[in-house]
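Trainee: Could we go through this model together? I'd like to know how each label is earned.

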Amino acid sequence: MSAAVEILGTAGGGRLLARRVVGFVRVLRDNGFPVGLPEAIDGLRAARAAELGRRDAVRWAFRSLLCASGTDWRRFDQIFDLYWLGHGRKQATRVAGHKARGPQAGLPGGQTPAGPLGPVLHSQRGGGLEAEGGDGRRGGAGSAESLAATDLRHINDPEELVRVSDLSERLAARMRYRLTRRERHRRRGRRLDLRRVIHNSIRFGGTPMKLAYRKRWPKPLRLVVILDASGSMSLYSTFFVRFIRGVLDHFREAEAFVFHTRLIHISAALRERDTEKALERMALMASGWDSGTKIGESLATFNRGYAASVIKSRTAVIIVSDGYDTGPPERLAAEMRQMKRRAKRIVWLNPMIGWRDYEPVAKGMSAALPFVDLFAPAHDLQSLAALEPYLAKL
Amino acid sequence: MTLSREEVLGRLGGVGYVADPQLATAIVLMQQLGRPLLLEGEAGVGKTEVAKALAAVLAAPLIRLQCYEGLDASAAVYEWDYQRQLLAIKIWESEERSAEEKERHIFDEDFLLKRPLLKAISMAEPPVLLVDEIDRADEEFEAYLLEVLSDFQISIPELGTVTATAVPYVVLTSNGTRELSDALRRRCLYHYVEFPGEDKELRIVLARLPGIEQALAAQVVRFVQALRKEDLRKKPGVAETLDWAAALVGLGVTDLRSEPEALHESLMCLLKTQEDQTVVPLEVVERLAGKAV
């Protein structure tokens, strides 16, 4: 910090002011603003230019300079007041300690490390990063094959658990390799790039000797996974979280959400390189669970808040849920209809289809079914693997 | 020439753009620091208008680059005019000139089609460059744009490097359909454009529609402000407010309560999806109109 003050001090404007500006930038950085020394220097320059006597002028200048997103923009005033007007030092430090850039920032509500997802996630710590190792392409081999057909509910041994999780992560990786390979092979027919053909023919005196073809911009398949983490699904959540993590790691464009009574965007938490950290962040986020599963409402949150930004032209939405909704089925149907309009395909994975004699009698499930393109089981790893040929056709 | 905040505010008012001091400060900083300005906010809050107003205030030409998925260098930076080059070669075939000379002529600036980015940095007087909806362009283009915005130079293999003689005022807008890179955000000044408050929107309506009666304008603004609080898929933007106000003036409506039927029908200026139109039936219109008066 003192080095920064030195630099700023020589930039002019007095040491005291420089110290205060550096301190302010540091508080902002602790609060997740993407700012550093260059911003501090510009900030000081702006502060000197903007008639220091007028507090608002300084505020406006700093806000333009130091904010970088809508979230920053809305939080700026509070932090500015706390720092420059000293409305209670104690509070200021609390704001400073509250690391907010990251998925928690956008969440409604608090962050109590409780709820079904918490323990579930902690139970499968360790053995995470190795799974991303070099053998992702080979997929399940050897004794792992026998595991693939076991219903995920019946696996209790902790070591077995780790292996199953690894397998599902590898499966996700394998799916993606196949998908990209098929994409490359699928290109039928090539289009001439006329401008380029003319350009190429200049050197041959106008005779088109060298043909040029238009390169197709590969549109990657995007996946959006929405996972039900309610009590009735908790037996499976571990595996699906693991699976989603694999998907996020290996697809270039994938987003993940978890819902129970409300929807949470978990992509950023799951992308954390350190597995333990990722799980910790997930546990922190899985907060405020009440009883009941509000599928319709959660999908409404998705449609309103996220759909526009995560669903592009080639996007498949995968919903993993047993369809037990405590909300009205009409709501679910309406939200499914709206989602259907945006998404290329909706896949509903229901672990219970794998059970013998299962009929989709849950009211929510039957309300959602008309809008689902593929309704498939997901009770063991084989059923997850069976998805791949379907997704490859999109 | 660096304008002060008050001057910027005054001049923006002069061209019919109602600005707040926050935005004026950002524009002053833009001039002082030579940094681009990134505008974010919901669709319809008037982000593009900022650039237009800025161009009018600075009496600078406005160059607009509309971004879309798949935008590439030939559409954004420059392209050779192949057809003309080809013609020139044909014409010159009979002439006695050396190959080098012909080549030099072919790759002359005459055959260069300047696209917005190159046009912006090769002007003698600094223009306003509007990069609209940057979030729609690919990440690759965003990275390239970042490079251009930090060095203000573009290299053309056949001609050499073009360096900006006057650094353009760059305004970027984003609707947030994609997260922009931190590098680009850090490079830019930031301004979040919100829906204007009642008072500000009224001033906008009065500035843009000088012919409207004060009482009707106030009613219109209060109505739209209340309508935005309803559960709509697409909230009406400022442009919609202006359209609707103009429509009401054209229909000869002087009071929102007088003809609820006509009012309801004219709502097509504000509500642009079928769902939103069903959400706001006649009764709701009457209720909102009653409150707005």
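Trainee: Why are helix 2 of chain A and helix 5 of chain A called oblique to each other?

Mentor: This is a predicted model, by the way. The axes of helix 2 and helix 5 of chain A cross at roughly 140° and come within 11 Å. Roughly antiparallel needs an angle over 145, and roughly perpendicular runs from 65 to 115. The value fits neither class, so the two helices of chain A are oblique. Their crossing is right-handed.

Trainee: What makes the contact between helix 2 and helix 5 of chain A?

Mentor: Helix 2 of chain A brings R19(A), R20(A), V21(A), G23(A), F24(A), V27(A) and L28(A). From helix 5 of chain A come F76(A), I79(A), F80(A), Y83(A) and W84(A). By class that gives nine nonpolar, one polar and two charged residues. Gly counts as polar, so G23(A) is not among the nonpolar ones.

Trainee: Why is the aromatic pair of F24(A) and F80(A) called edge-to-face?

Mentor: The planes of F24(A) and F80(A) stand at 90°, and edge-to-face asks for over 60 degrees. The centres are 5.8 Å apart, and the limit for a pair is 6.5 Å. Both conditions hold, so F24(A) and F80(A) are an edge-to-face pair. Over all chains, the structure holds 14 aromatic pairs.

Trainee: And how do you know that this pair links distant parts of the chain?

Mentor: Look at the numbering: F24(A) sits in helix 2 (residues 15–30) and F80(A) in helix 5 (residues 70–84) of chain A, 56 residues apart.

Trainee: Now the sheet in chain A. What makes strand 3 and strand 6 of chain A the edge strands?

Mentor: Each of them pairs on one side only. The order of this open sheet of six strands is 3-2-1-4-5-6, with mixed pairing.

Trainee: How do you know that strand 1 and strand 2 of chain A pair?

Mentor: Pairing takes at least two bridges, and strand 1 (residues 222–228) and strand 2 (residues 254–259) of chain A have six, in the parallel sense. The count meets the cut-off, so they pair. L227(A), for one, stands opposite V258(A) in strand 2 of chain A.

Trainee: Which helices lie on that sheet?

Mentor: Helix 14 (residues 295–310) of chain A lies across strand 1, strand 2, strand 3, strand 4 and strand 5 of chain A, running at about 160° to strand 2 of chain A. Helix 15 (residues 329–342) of chain A touches strand 1, strand 4 and strand 5 of chain A, and its direction makes about 130° with that of strand 5 of chain A.

Trainee: On to chain B. Why are helix 1 of chain B and helix 2 of chain B called roughly perpendicular?

Mentor: Their angle is about 115°, with the axes 9 Å apart. Roughly perpendicular covers 65 to 115, so helix 1 and helix 2 of chain B get that label. The contact includes V8(B) and L12(B) of helix 1 of chain B, and A24(B) and V28(B) of helix 2 of chain B.

Trainee: What makes strand 1 and strand 8 of chain B a pair?

Mentor: Four bridges join them, and they run parallel. At least two are needed, so strand 1 and strand 8 of chain B qualify. The bridge partner of L38(B) is L172(B) in strand 8 of chain B.

Note on methods: Residues are numbered from 1 along each chain as its sequence is written. Chains are lettered from A and ligands numbered from 1 in the order in which they are written. This is a predicted model: local features need pLDDT of at least 70, side-chain atom pairs count only at pLDDT 80 or more; totals for chains, interfaces and linings use all residues. Side-chain values use heavy atoms; hydrogens and water are left out. Axes are lines fitted to C-alpha atoms, for helices over the stretch in contact, and angles run from 0 to 180 degrees between N-to-C directions. Angles under 35 degrees count as roughly parallel, over 145 as roughly antiparallel, 65 to 115 as roughly perpendicular and the rest as oblique. Contact means heavy atoms within 4.5 Å. Rings of Phe, Tyr and Trp (its six-membered ring) pair if their centres lie within 6.5 Å; planes under 30 degrees apart count as stacked, over 60 as edge-to-face and the rest as tilted. A crossing is left-handed if the near helix is turned anticlockwise from the far one by less than a right angle, and right-handed if clockwise.
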